[in-house]
Amino acid sequence: MKILLVDDEVELVSALSQRLGFRGYEADWAASGDEALQKVKENEYDLAILDMKMPRYSGLELRKMISELRPGMRFIFLSGHGSEQDYLEGSSKAECYLIKPVSIEQLIEKIEAVSC
């Protein structure tokens with residue numbers, strides 16, 4: 001499974017990518033929506049894990065743009081500042097919606113559930 005992690009918190013997203021790599025996942029990361037779109041144009045991913053609140057594009061907006069490029073991709077949303085409305089919207093447009101901080105075990109559990 002090839003995963004794209006997108007979050008404007010560079011230390012968080014790079015660490016998650018590295019930790020997923022240690023667990024056998026191929027995980028790229030991007031720190032902005034524009035960088036993520038470029039990676040999606042150049043690579044095939046099975047799953048994108050998107051931060052809900054990022055500068056320029058929200059996770060929901062980015063999900064829509066990525067889905068137009070790669071209709072079969074699946075999504076997990078992460079949020080540290082989500083409102084109930086964000087949760088409801090995100091939950092309806094992704095396989096899963098997680099609240100930060102998230103443990104690597106919890107994230108892997110959701111990745112495995114999405115890949116079934």
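Biologist: Which elements each supply at least two residues of the lining of the largest cavity?

Modeller: This is a predicted model. In it, β1 (2-6), α1 (10-22) and β3 (47-51) each do so. β3 gives the most, with 3 residues.

Biologist: What makes this space a cavity?

Modeller: A 1.4 Å probe fits there but cannot get out, so the space is called a cavity rather than an open pocket. The search of the whole structure finds 1 cavity of 30 Å³ or more. The largest cavity has a volume of about 30 Å³.

Biologist: Which residues line the largest cavity?

Modeller: Leu 5, Val 6, Asp 7, Val 13, Leu 16, Ile 49, Leu 50, Asp 51 and Leu 78. They divide into 7 nonpolar, no polar and 2 charged. Asp counts as charged, whereas Val, Leu and Ile count as nonpolar.

Biologist: Where is Tyr 45 found?

Modeller: Tyr 45 is in the loop between α2 (33-42) and β3.

Biologist: Why does Tyr 45 count as buried or exposed?

Modeller: Its relative accessibility is 5%. Buried means under 20%. Therefore Tyr 45 counts as buried.

Biologist: Which residues does Tyr 45 touch, leaving out those up to four places away in sequence?

Modeller: Lys 2, Ile 3, Leu 4, Asp 28, Lys 39, Val 40 and Met 73.

Biologist: How do you know that Lys 2 lies over the face of Tyr 45?

Modeller: Lys 2 is at 5.2 Å from the ring centre. The distance cut-off is within 6 Å, and the charge must also be within 35 degrees of the ring normal. Lys 2 is counted as lying over the face of Tyr 45.

Methods: Residues are numbered from 1 along each chain as its sequence is written. This is a predicted model: local features need pLDDT of at least 70, side-chain atom pairs count only at pLDDT 80 or more; totals for chains, interfaces and linings use all residues. Side-chain values use heavy atoms; hydrogens and water are left out. On a 1 Å grid over the protein atoms alone, a cavity is a set of points where a 1.4 Å probe fits but cannot get out, and a pocket is an open set with protein on both sides within 12 Å along at least five of seven lines; lining residues have an atom within 4 Å of a point. Grid points are joined across faces, edges and corners, and a volume is the space filled by probe spheres set on the points. Helices (H or I, at least four residues) and strands (E, at least two) are DSSP runs, numbered from the N terminus. Buried means under 20% relative accessible area, exposed over 50%, partly exposed in between (1.4 Å probe, protein chains only). Contact means heavy atoms within 4.5 Å.
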